[in-house]
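Work through the exercises below with the sequence and the model open. Each task is followed by a solution in steps.

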Amino acid sequence: ASDRTPTCVHLQLDDDEVYNTSKSPNGVNIGHITDLLVSRLSLSPSSRSLETIPPQKPGLIAYLAGCHKRAGEEWKDMKQKKKGDGSEEELYGLLEEIRKQVVSYAASSLQLPDLFELGGNSCLQLARCLSTTATDPSSSVTFDVMGKNTSFYYCVCEELHSQDPDAFETMASEWVGGPPPPQIPRGANPNQINFIRRMQEMSNSRMRRSGKGLEKDTVLGNVLRLGLPWKHESVLSSYANPVRRSPKDIDQISDGHRRQLELYQSKCNELIRQLVVAGEQPRKKVIQWLTDALLVNAKADAIEKDPTKISSEELLYNLSAVLLKLCDPFVSNPDKAALVDPGFVTSPKSHGGVYELTGDNALTRLGDNVSHSEDEYNPKNSFIPLCFFFCSRALALSIVPGMSSYDSTSRHVSHMAWRIRSANGDIFSDRRFNHTLQVKYGMGIVVKSPTYATDVFRFYNAVAGFLLRLDSDQLKTMPEHLVSDACAVLDFASDHTTGLLSGIDFGNSFRLTVKLLSKDCA
């Protein structure tokens with residue numbers, strides 16, 4: 001074409017049928033879509049045709065996702081402005097074909113990364129697209145433009161599963177676990193074999209070494225590390241001049257942040273759920289990733305944390321939110337809650353070291369002289385106990401210390417205000433006081449979130465119900481933090497979120513208090 005405007009990607013087609021009006025008097029039709037897509041996808045990453053203003057998003061997946069979204073938006077807009085004379089039917093067909101073909105090409109590229117040069121790292125590209133949900137949810141690959149289950153991500157997963165369920169399981173496993181370790185080639189000499197074995201050991205243990213490695217080296221780590229960084233200046237600045245703002249104003253700002261966070265977390269929940277139900281291998285990979293995430297962050301509840309060794313607060317909060325959603329079916333169903341088997345915490349093979357009895361990461365138990373069970377752990381349902389106990393551990397590493405920090409900051413703010421007034425100072429102009437108040441409001445975005453906090457309250461009432469049905473021998477094997485965390489959460493709720501307590505059942509929590517104070521548990 002003669003038009004060389006820098007806003008467009010210019011394609012060199014095999015023939016001029018698409019833009020030759022004598023060959024195609026009605027313009028682009030369904031038959032041209034394949035040629036156009038293949039020409040665009042066949043470009044080299046270094047092609048000057050991709051040097052547009054604004055710049056093209058890198059890679060193949062982001063481009064196809066954008067096509068899918070724009071076709072959906074155009075289809076939706078046409079439906080709203082429908083003339084009723086049938087003139088749009090051809091355009092509807094064209095848009096549907098675009099959506100269908102971009103999904104097909106994305107699935108093919110994920111299965112065969114060498115199909116197009118632009119798709120050489122398609123799985124990583126998909127992970128990067130998923131990670132943008134937090135910063136730009138309406139433009140993300142998980143956004144349902146045309147209604148429920150119409151997002152690009154959902155359609156690609158459905159396409160992959162329909163083409164080859166086994167291949168989908170394998171790919172889902174790769175998305176979760178990260179790149180495979182190097183393999184020993186044929187004919188390797190002893191020095192090469194020794195080196196590669198060391199690399200394999202490093203690959204298998206790298207996630208266990210640090211929380212930062214978990215975030216960097218795995219797809220789920222990349223996805224869950226994104227959230228609401230309340231310490232960032234962009235968040236704190238939204239509470240500028242906090243002393244002069246009304247409580248209603250503060251609530252509106254916090255609710256705005258929470259809506260964005262909850263939207264992202266809902267997509268994280270959707271991703272984890274799809275991986276869990278994708279098959280045995282992806283589910284095993286997810287469980288191993290969850291185990292690693294809890295192990296590398298075992299010290300995240302310490303008073304003095306080493307930020308270089310543990311994951312970000314955003315990942316820990318998202319991890320607990322994801323596990324809360326996995327627990328939701330049995331938290332609200334007493335029959336399913338009865339399937340939580342207490343033997344999980346004394347079965348190293350099942351908990352993978354998360355509930356260790358010895359060593360640096362040992363967890364204190366309610367009773368003395370607790371040892372690993374010699375009986376075979378054989379629960380009726382193995383997934384429910386895992387979700388339950390992993391969730392309790394994730395909460396102990398995120399929301400529980402978060403609530404404690406918020407409570408300390410609130411007390412500090414009150415003391416600062418008293419001290420400034422006692423010295424005839426002005427809290428409105430005191431910069432240190434205003435900044436501390438901003439920090440308090442930033443911290444409260446997550447820990448006082450009605451949706452998240454309500455889920456936490458319901459979970460700990462379920463924890464209390466579980467502990468109530470245990471006999472004395474089983475009860476002493478339980479981690480001490482189950483009880484202390486339940487008490488801490490209830491204490492926080494009574495001090496800082498009294499408005500959320502209405503309609504929440506804490507009956508089990510109070511009955512557990514009576515049981516633990518009785519002479520039988522003394």
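**Exercise 1. Compare the span of helix 1 with the expected span, then list what is buried in the helix and what covers it.**

Solution. The model is predicted.
- Helix 1 covers residues 30–41, which is 12 residues.
- At 1.5 Å a residue, 16 Å is expected; the distance from the first C-alpha to the last is 18 Å, close to that value.
- The buried residues of helix 1 are His-32, Ile-33, Leu-37, Ser-39, Arg-40 and Leu-41.
- Helix 2 (61–80) and helix 3 (89–111) are among the elements that cover these buried residues.

**Exercise 2. Repeat the span check for helix 3 and name its buried residues.**

Solution.
- Helix 3 has 23 residues, so at 1.5 Å a residue it should span 33 Å.
- The end C-alpha atoms of helix 3 lie 33 Å apart, in agreement with the expected span.
- Twelve-residue helix 1 had buried positions that included Arg-40; in helix 3 the buried set includes Tyr-92, Arg-99, Gln-101 and Tyr-105.
- Also buried in helix 3 are Leu-94, Leu-95, Val-102, Val-103, Ala-106, Ala-107, Ser-109 and Leu-110.

**Exercise 3. Which charged side chains lie over the rings of Tyr-63 and Tyr-92, and at what distance from the ring centre?**

Solution.
- Over the face of Tyr-63 lies Arg-40, at 4.0 Å from the ring centre. Arg-40 is one of the buried residues of helix 1.
- Over the ring of Tyr-92 sits the charged end of Lys-79, 4.6 Å from the centre. Tyr-92 is one of the buried residues of helix 3.

**Exercise 4. Classify the ring pairs Phe-457 with Phe-506 and Phe-459 with Tyr-460.**

Solution. A pair of aromatic rings is described by the distance of the centres and the angle of the planes.
- The whole structure holds 15 aromatic pairs.
- For Phe-457 and Phe-506, the centres are 5.9 Å apart and the planes are at 55°. Planes over 60 degrees apart would count as edge-to-face and under 30 as stacked, so an angle between these limits counts as tilted. The pair of Phe-457 and Phe-506 is tilted.
- Phe-457 belongs to helix 19 (residues 450–468), while Phe-506 is in the loop between helix 21 (480–496) and helix 22 (507–517). With their positions 49 residues apart, the pair links distant parts of the chain.
- Phe-457 and Phe-506 are both buried.
- For Phe-459 and Tyr-460, the centres are 5.5 Å apart and the planes are at 80°, so this pair is edge-to-face.
- Phe-459 and Tyr-460 are both buried.
- Phe-459 and Tyr-460 also belong to one aromatic cluster, together with Phe-330, Phe-344, Tyr-355, Tyr-377, Phe-388, Phe-389, Phe-390 and Phe-466.

**Exercise 5. For the salt bridges of Glu-313, Lys-284 and Asp-407, find the partner, the distance and the exposure of each side.**

Solution. Side chains of opposite charge can pair when their charged atoms come close. A search of the whole structure finds 10 salt bridges.
- Glu-313 meets Lys-231, at 3.7 Å from N to O. Glu-313 is in helix 13 (residues 313–331) and Lys-231 is in the loop between helix 9 (219–224) and helix 10 (233–236), so the bridge ties together parts 82 residues apart in sequence. Glu-313 is partly exposed at 27% relative accessible area, and Lys-231 is exposed at 55%.
- Lys-284 pairs with Glu-280, with the closest N and O atoms 3.1 Å apart. Both residues lie in helix 12 (residues 280–296), 4 residues apart, about one turn of the helix. Lys-284 is partly exposed at 46%, as is Glu-280 at 44%.
- Asp-407 pairs with Arg-411, at 2.9 Å between the closest N and O atoms. In helix 17 (residues 399–422) they are 4 residues apart, about one helical turn. Asp-407 is buried at 18%, whereas Arg-411 is exposed at 54%.
- Lys-325, Asp-328, Asp-455 and Arg-458 are linked in a salt-bridge network.

**Exercise 6. Describe the protein as a whole.**

Solution.
- The protein has 22 helices and 0 strands.
- Of its 522 residues, 47% are buried.
- Among contacts with a separation of 6 or more, 74% join residues 24 or more positions apart.
- The exposed area is about 27,300 Å², and carbon and sulfur atoms supply 50% of it.

Terms used. Residues numbered from 1 in each chain as written. Predicted model: local features only at pLDDT ≥ 70, side-chain atom pairs only at ≥ 80, totals over all residues. Heavy atoms only, no water. Phe/Tyr/Trp six-rings, centres within 6.5 Å; stacked < 30°, edge-to-face > 60°. Helix = DSSP H or I, 4+ residues; strand = E, 2+ residues; numbered from the N terminus. Buried < 20%, exposed > 50% of the residue type's maximum accessible area, 1.4 Å probe, protein only. Lys NZ or Arg CZ within 6 Å of the ring centre and 35° of its normal. Expected span 1.5 Å × (residues − 1). Contact = heavy atoms within 4.5 Å. Areas by Shrake-Rupley, 256 points an atom, 1.4 Å probe, with all protein chains shown as cover. Salt bridge = Lys/Arg side-chain N within 4 Å of Asp/Glu carboxyl O.
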